[in-house]
Amino acid sequence: MIVRAAAPDDAEALAVIYGHHVLTGFGTFEGEAPSANDMAERLAAVQTLGLPYLVAEIEGRVSGLAYAAPFRPRAAYRYTVEDSIYVAPDRVGQGVGKRLLGAVIETCQTLGFRQMVAMIGDSGNAASIALHRSLGFRPVGVFEGLGYKAGRWVDVAMMQRALNGGVALPPGEGGLDLHGH
């Protein structure tokens, strides 16, 4: 397995993997699968901010994606990022997610961030919750019935992981430039 930065040429594979999760699960609350062009724009938006957008490649095929994005757009949140991770259905349970999320965490630590949050669609998503726990995230709460998808109300499990000492130290250089908002 190779973990590498996603490239524009990966957009079709990203759309297939993410689209599967849009159509079959609750890991995302989107209702329609985005196109490859949509995914290319999303990739560029993340990378333009200097944040990691990574893919796992197995036998020459993109088998998962993970990235960090701004948690919220206000300046006070500039040291906090939110992770997202999606694995191809035929690669679930094979360590792809752990390698990808581990690499996103490592990159975000290098970039000086202090907190990473996960907003996991469906509080019953045991696999994603276990993956995040295994990499140092702790549960911090559940938003009950936050979204409505596939004919039912869906919870969002919130998890958090400190980076670079978390709140034990004042922030150093780094953080996102959120234009002072």
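A helix's expected span is 1.5 Å times one less than its number of residues; helices (H or I, at least four residues) and strands (E, at least two) are DSSP runs, numbered from the N terminus. Before you click around: this is a predicted model, where local features need pLDDT of at least 70 and side-chain atom pairs count only at pLDDT 80 or more, while totals for chains, interfaces and linings use all residues. Residues are numbered from 1 along each chain as its sequence is written, and side-chain values use heavy atoms, with hydrogens and water left out.

Start by selecting α2, residues 36-48. Its 13 residues should span 18 Å at 1.5 Å a residue, and the end C-alpha atoms are 18 Å apart, so the two agree.

Next, pick A36, M39, L43 and V46, the buried residues of α2 (buried is under 20% relative accessible area, exposed over 50%, partly exposed in between, with a 1.4 Å probe and protein chains only). They sit on the same side of α2 because they cover an arc of only 85 degrees around the axis, taken from the directions from the helix axis to the C-beta atoms. An α-helix has 3.6 residues a turn, so residues three or four places apart point the same way.

Now show what covers those buried residues: α1 (11-24), β2 (53-58) and β3 (61-70) are included, with contact meaning heavy atoms within 4.5 Å. Flip to the face turned away from the buried side of α2 and you'll find exposed N37, E41 and T48.

Last stop, just after α2: select G50, which takes a positive phi of about 80 degrees.
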